[in-house]
Amino acid sequence: MTTWMSALAGGVLIGLAATLLLWLNGRVAGVSGIFNGVIFPNKGDIAWRYAFLIGLIVAGGAYMAFVPGAALPRTDYSRLALIAAGLLVGFGTRMGNGCTSGHGVCGLGRLSLRSFVAVLTFMSTAMATTFLVKHVVS
């Protein structure tokens, strides 16, 4: 499968999953919020969260295992840098009251102005960081 076809299929599946979660469960598919609900659970509100997160991991693993030529995770990053990046992302999602999946996929789909501003902030920060890492720091 060509790269654009894989991206299109992935986008359709993400959109379908987000739509089904909203229609069937009344929940927005914001991964950081779902994960936060696992860390700080409310009674009776945990099973679907585990199912969603496990589904993300299983689906990604199945894709890498069964699709020839599938992209594999990079292994040439410092573990300390990955931990620091994860903590910064977690901090940012709390500050932004949501993550790229919640704001970018679900919020933009609902035409939320707040999500539009959040996505512009995410994308601008990502582009600036990439420029700095690739062209200034290295």
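Student: How much of the chain is made up of buried residues, and what makes a residue count as buried?

Tutor: In this predicted model, buried residues make up 18% of the 138 residues. Buried means under 20% relative accessible area.

Student: Why is Cys99 called buried?

Tutor: Cys99 has a relative accessible area of 9%. The cut-off is under 20%, so Cys99 is buried.

Student: And what makes Cys106 buried?

Tutor: The relative accessible area of Cys106 is 11%. That is also under 20%, so the label holds for Cys106.

Student: How do you know that Cys99 and Cys106 are not bonded?

Tutor: Look at the sulfurs. The closest cysteine sulfur to that of Cys99 is in Cys106, 8.6 Å away. A disulfide needs the pair within 2.5 Å, so this distance is too far for a bond. From Cys106 the closest cysteine sulfur is in Cys99, again at 8.6 Å.

Student: How many disulfides does that leave?

Tutor: The count is zero.

Student: What is the pattern of helices and strands along the chain?

Tutor: The pattern reads α-α-α-α-α-α. There are six helices and zero strands.

Student: How do you know what span to expect for helix 3?

Tutor: Helix 3 covers residues 47–66, which is 20 residues. The expected span is 1.5 Å times one less than that number, so the figure to compare is 28 Å. Helix 3 reaches 28 Å from its first C-alpha to its last, close to that expectation.

Student: Which residues of helix 3 are buried?

Tutor: They are Trp48, Arg49, Phe52 and Leu53. They cover an arc of only 145 degrees around the axis, which puts them on the same side of helix 3. An α-helix has 3.6 residues a turn, so residues three or four places apart point the same way.

Student: What do the buried residues of helix 3 pack against, and which residues are exposed on the other side?

Tutor: The buried residues pack against helix 1 (3–25) and helix 2 (31–39). On the other side, the exposed residues include Ala47, Ile57 and Phe66. Exposed means over 50% relative accessible area.

Student: Which residues are buried in helix 6, and what do they pack against?

Tutor: Ser115, Ala118 and Val119 are buried. The buried residues of helix 6 pack against helix 5 (100–109).

Student: What makes the approach of Ser112 to Arg114 a polar contact?

Tutor: A side-chain oxygen of Ser112 comes within 3.4 Å of the backbone nitrogen of Arg114, at the start of helix 6. The cut-off for such a pair is 3.5 Å, so the distance fits.

Notes: Residues are numbered from 1 along each chain as its sequence is written. This is a predicted model: local features need pLDDT of at least 70, side-chain atom pairs count only at pLDDT 80 or more; totals for chains, interfaces and linings use all residues. Side-chain values use heavy atoms; hydrogens and water are left out. Helices (H or I, at least four residues) and strands (E, at least two) are DSSP runs, numbered from the N terminus. Buried means under 20% relative accessible area, exposed over 50%, partly exposed in between (1.4 Å probe, protein chains only). The arc is that of the directions from the helix axis to the C-beta atoms. Contact means heavy atoms within 4.5 Å. A polar contact is a pair of N or O atoms within 3.5 Å; within protein, one must be able to donate a hydrogen and the other to accept it, and residues adjacent in sequence count only if both atoms are side-chain atoms.
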